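Please examine the sequence and the three-dimensional structure shown below. The report that accompanies them is intended for a reader in the first year of study.

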Amino acid sequence: VIQASTSSTSQIDQKGTIKAIKAKLTTDGNPYSYAINNDGWIDALGTEEIDGKVYLTAEEGNIFDSGKITALNINETGGEVRLLAKGVRVYEDAEINVSGKNGGGTILLGGDYKGQNPDIYTADRTFVEHNAKIYADSLENGNGGKVILWSNKGTAFYGQISAEGGSVSGDGGFVEISSMGFLDPKGKVST
């Protein structure tokens, strides 16, 4: 767990490689001084006790992702990635991957299904740039995963999302791209 304290005016800048069972980067406080910048690689491999999870949370700030995030459970199903903040931006050429041999995982960018999960913080704005790649595929046997892009005020999606079922067996997954306000879904989605 990496956390910026409420008394600090610094942000979290992750430029290297984090390999862990569960990675969690959090900030809280002033929306103008708190942010998480990921342009490195965060890789979470699950164990029997703790599934592969990557949580980036800046409830009163912003998350800027231009790196690579992967999460995989020990049973070779996809793990879970959450980017939850007032503003979530996934830059061009960033990659978020929760694909697994036996099933796709879960990716929550800016909130959960219809923004209705009270346990999941919702973003005001969520933006995924051109060439950003989001994968929640089953690679062999199993169903595709779940990908949610949510915002209260505006969601723009220009990247690529894949939540396909396994090549041997399995159904396609679920993708939601929505907002209570402005919505611009011009990217590519495959389930």
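The following report treats the chain as a whole and then three of its residues.

**The chain as a whole**

The structure is a predicted model. The protein chain contains 19 strands and zero helices. Of its 191 residues, 48% are buried. The surface that the protein chain exposes amounts to about 8700 Å², and 46% of this area is supplied by carbon and sulfur atoms. Contacts can also be described by separation along the sequence: among those between residues at least 6 apart, 73% join residues at least 24 apart.

**Thr155**

Strand β15, which covers residues 154–157, includes Thr155. Is this residue buried or exposed? Thr155 has a relative accessible area of 0%, and it is therefore buried, since the limit for that class is under 20%. Its side chain forms a polar contact of 2.7 Å with the side chain of Ser151. When residues up to four places away in sequence are left out, the residues touched by Thr155 include Thr126, Trp150, Ile177 and Phe182.

**Asp137**

Asp137 is located in the loop that runs between β13 (133–135) and β14 (146–149). Asp137 is buried but takes part in no salt bridge. Which side chain of opposite charge is nearest to Asp137? That side chain belongs to Lys133, at a distance of 12 Å. A polar contact of 2.6 Å does, however, link the side chain of Asp137 to the side chain of Ser162. Setting aside neighbours within four places in sequence, Asp137 is in contact with several residues, among them Ser99, Gly100, Ala163 and Glu164.

The two side-chain polar contacts described above are set out here.

| Side chain | Partner side chain | Polar contact |
|---|---|---|
| Thr155 | Ser151 | 2.7 Å |
| Asp137 | Ser162 | 2.6 Å |

**Gly172**

Gly172 occupies a place in the loop between β16 (160–162) and β17 (174–177). With a relative accessible area of 36%, Gly172 is classed as partly exposed, because this value lies between the limits of 20% and 50%. Which residues does Gly172 touch, not counting residues up to four places away in sequence? They are Gly144, Ala163, Glu164, Gly165 and Thr191. Ala163 and Glu164 are also among the contacts of Asp137. A further relation concerns Ala136: this residue and Gly172 are 36 residues apart in sequence, while their C-alpha atoms are 9.8 Å apart in space.

**Summary**

In this predicted model, Thr155 is a buried residue of strand β15. Asp137 is a buried loop residue, and Gly172 is a partly exposed loop residue.

Methods
Residues are numbered from 1 along each chain as its sequence is written. This is a predicted model: local features need pLDDT of at least 70, side-chain atom pairs count only at pLDDT 80 or more; totals for chains, interfaces and linings use all residues. Side-chain values use heavy atoms; hydrogens and water are left out. Helices (H or I, at least four residues) and strands (E, at least two) are DSSP runs, numbered from the N terminus. Buried means under 20% relative accessible area, exposed over 50%, partly exposed in between (1.4 Å probe, protein chains only). Contact means heavy atoms within 4.5 Å. Accessible areas come from the Shrake-Rupley method with a 1.4 Å probe; for residues, only the protein chains shown count as cover. A polar contact is a pair of N or O atoms within 3.5 Å; within protein, one must be able to donate a hydrogen and the other to accept it, and residues adjacent in sequence count only if both atoms are side-chain atoms. Lys and Arg count as positive and Asp and Glu as negative; His and the chain ends are not counted. A salt bridge is a side-chain nitrogen of Lys or Arg within 4 Å of a carboxyl oxygen of Asp or Glu.
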